[in-house]
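Trainee: I would like to test the labels on this model. For each one, I will ask what earns it.

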Amino acid sequence: MGQHITVSAPSVIGDIAVFDTDRSLSGQDGIGFISADEATATDTFPGRLAARLFAADPALSHVFVASSQAVLRRKGSWDSAALSAASDVLSSFFVHYS
């Protein structure tokens, strides 16, 4: 149930990766999280998404979700495995059953 989100190839600048999607993930204002604990303290879609992203990559230090973008900061550099893991979490976020 649910549909996969299409995620464009991320833009990477240093320790920041910007992921664009084909649908809204939050409101226009956006919200940021610095840890999984902070993300799980709120029962919102951005909070749930951030918690999943932190769980998928312990090197993440910040997740910002606004509209159809997710901006992720990672300790150290981004490699293809980390980009793929984040993209997979984003892509499957609205899929409830496989």
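Mentor: Start with the sheet in this predicted model. It is open, has five strands in the order β1-β2-β5-β4-β3, and its pairing is antiparallel.

Trainee: What makes β1 and β3 edge strands?

Mentor: Each of them, β1 (11-13) and β3, pairs on one side only. From one strand to the next, the twist averages 15 degrees.

Trainee: How do you know that β4 and β5 are paired?

Mentor: Count the bridges. Pairing needs at least two. β4 and β5 have six, in the antiparallel sense, so they pass the cut-off and count as paired.

Trainee: Which residue of β5 is the bridge partner of Phe64?

Mentor: Val71 is the partner of Phe64. His62, in turn, stands opposite Arg73 in β5. The hairpin of β4 and β5 has two residues between the strands, and Ser67 takes a positive phi there, near 55 degrees.

Trainee: And what makes β3 and β4 a pair?

Mentor: Three bridges join β3 to β4, and the two run antiparallel. The requirement is at least two bridges, so this pair qualifies as well. Gly32 stands opposite Phe64 of β4.

Trainee: Which helices pack on the sheet, and on which strands?

Mentor: α2 touches β3, β4 and β5, and its direction makes about 150 degrees with that of β4. α3 touches β1, β2 (16-20) and β5, at about 35 degrees to the direction of β2.

Trainee: How do you know that the span of α2 is close to what is expected?

Mentor: Helix α2 covers residues 45-56, which is 12 residues. At 1.5 Å a residue the expected reach is 16 Å, and α2 spans 17 Å from its first C-alpha to its last. At its start, a side-chain oxygen of Thr44 comes to within 3.1 Å of the backbone nitrogen of Gly47.

Trainee: Why is that Thr44 approach to Gly47 a polar contact?

Mentor: The atoms are an oxygen and a nitrogen, within 3.1 Å. The cut-off is 3.5 Å, so the distance fits.

Trainee: Why is Pro46 called buried?

Mentor: Pro46 sits in helix α2. Its relative accessible area is 11%. Buried means under 20%, so Pro46 meets the term.

Trainee: Which residues does Pro46 touch, beyond four places in sequence?

Mentor: Leu25, Ser26, Ile31, Phe33 and Val65. By contrast, 23 Å separates the C-alpha atoms of Pro46 and Ala81, which are 35 residues apart along the chain.

Trainee: Which other residues of α2 are buried, and what covers them?

Mentor: Besides Pro46, the list holds Gly47, Leu49, Ala50, Ala51, Leu53 and Phe54. Their cover includes β3 (31-33), α1 (36-40), β4 (60-66), β5 (69-74) and α3 (80-91).

Trainee: Now a charged side chain. Is Arg74 buried or exposed?

Mentor: Arg74 belongs to strand β5. Its relative accessible area is 14%, and it is buried. The limit is under 20%, so the label holds.

Trainee: What makes the pairing of the Arg74 and Asp57 side chains a polar contact?

Mentor: The distance is 2.6 Å. The cut-off is 3.5 Å, so it is met. A polar atom of the Arg74 side chain also lies 2.7 Å from the backbone oxygen of Ser77.

Trainee: Which residues are in contact with Arg74, leaving aside neighbours within four places in sequence?

Mentor: Asp15, Asp57, Ala59, Leu60, Ser61 and Ala82.

Notes
Residues numbered from 1 in each chain as written. Predicted model: local features only at pLDDT ≥ 70, side-chain atom pairs only at ≥ 80, totals over all residues. Heavy atoms only, no water. Helix = DSSP H or I, 4+ residues; strand = E, 2+ residues; numbered from the N terminus. Expected span 1.5 Å × (residues − 1). Buried < 20%, exposed > 50% of the residue type's maximum accessible area, 1.4 Å probe, protein only. Contact = heavy atoms within 4.5 Å. Polar contact = N/O pair within 3.5 Å; in protein donor to acceptor, adjacent residues only side chain to side chain. Axes fitted to C-alpha atoms, helices over the stretch in contact; angles between N-to-C directions.
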